[in-house]
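Dear colleague,

I am handing over the structure below, and my notes on what was found in it follow. Please read them with the model open beside you.

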Amino acid sequence: MDTGLRKVINSLVSAVKNIDNKNSVLGKLGIRKNEIVDANGNLKSLTDITGVLNKYTQDMNRAEKNAVLNALDYFCYLFFGKIL
């Protein structure tokens with residue numbers, strides 16, 4: 001697996017683990033854990049995760065979206081930044 005993609009996945013795993021933390025980027029957006037992970041606790045597909053991120057950031061301007069992705073991790077910013 002590509003190192004950059006591995007870092008994106010690790011960042012998402014970390015963000016999901018901390019989703020109930022008051023400083024959670026995902027939590028602040030209103031994203032719930034079950035929107036990102038399946039019933040077994042595994043990350044959903046990157047397509048599904050992209051859809052969730054898009055849903056919660058669709059009314060944001062480019063700078064706001066970039067800030068959210070960068071707060072998750074620089075690699076998430078690079079990976080999702082062009083998609084969202």
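The chain has a radius of gyration of 12 Å, which agrees with the value near 12 Å that a compact globule of 84 residues would have; the radius is taken over C-alpha atoms, and the globule rule is 2.2 Å times the number of residues to the power 0.38. Taken along the principal axes, the C-alpha atoms fill a box of roughly 35 × 30 × 20 Å.

Before the details, please note that this is a predicted model, in which local features need pLDDT of at least 70 and side-chain atom pairs count only at pLDDT 80 or more, while totals for chains, interfaces and linings use all residues. Residues are numbered from 1 along each chain as its sequence is written, and side-chain values use heavy atoms, with hydrogens and water left out.

The chain has six helices and zero strands, so that the pattern read along the sequence is α-α-α-α-α-α; helices (H or I, at least four residues) and strands (E, at least two) are DSSP runs, numbered from the N terminus. Of the 84 residues, 35% count as buried, where buried means under 20% relative accessible area, exposed means over 50%, and partly exposed is in between (1.4 Å probe, protein chains only). Among the contacts with a separation of 6 or more, 48% come from residues 24 or more positions apart, a contact being heavy atoms within 4.5 Å.

The largest nonpolar core has 20 residues, and those with the most contacts inside it are Leu26, Ile31, Ile36, Leu53, Leu72 and Phe80. At least two residues of this core are supplied by each of α1 (3-17), α2 (25-29), α4 (46-57), α5 (62-72) and α6 (74-81). Such a core is a set of buried Ala, Val, Leu, Ile, Met, Phe, Trp, Tyr and Cys residues joined through side-chain atoms within 4.5 Å. If residues up to four places away in sequence are not counted, leucine 72 touches Ser11, Ala15, Val25 and Leu26.

Two of the helices were examined for length and for the placing of their buried residues. The 15 residues of α1 should span 21 Å at 1.5 Å a residue, and the end C-alpha atoms of α1 are indeed 21 Å apart; the expected span is 1.5 Å times one less than the number of residues. In α1, Val8, Ser11, Leu12, Ala15 and Val16 are buried, and, seen down the axis, the buried residues of α1 fall within an arc of 135°, so they line one face of the helix. The arc is that of the directions from the helix axis to the C-beta atoms. Valine 13, also in helix α1, counts as partly exposed at 30% relative accessibility, and its C-alpha is 9.9 Å from that of glycine 41, 28 residues apart in sequence.

Helix α4 has 12 residues and reaches 16 Å from its first C-alpha to its last, close to the 16 Å expected. The buried residues of α4 are Ile49, Thr50, Val52, Leu53, Tyr56 and Thr57, and they cover an arc of only 160° around the axis, which puts them on the same side of α4.

In helix α5, leucine 69 is buried, with a relative accessible area of 1%, and its C-alpha is 8.7 Å from that of valine 25, 44 residues apart in sequence. Alanine 63, which also lies in helix α5, is exposed, with a relative accessible area of 55%; the C-alpha atoms of alanine 63 and threonine 50, 13 residues apart along the chain, are separated by 17 Å.

The structure holds two salt bridges, each defined as a side-chain nitrogen of Lys or Arg within 4 Å of a carboxyl oxygen of Asp or Glu. Arginine 32 and glutamate 35 meet in one of them (3.8 Å, N to O), and glutamate 35 also forms a salt bridge with lysine 55, the closest N and O atoms being 3.7 Å apart. The latter pair links distant parts of the chain, with glutamate 35 in helix α3 (residues 33-36) and lysine 55 in helix α4, 20 residues apart. Arg32, Glu35 and Lys55 are thus linked in a network of salt bridges. Within this network, glutamate 35 counts as buried at 11% relative accessibility, whereas arginine 32, at 48%, counts as partly exposed, as does lysine 55 at 49%.

With best regards
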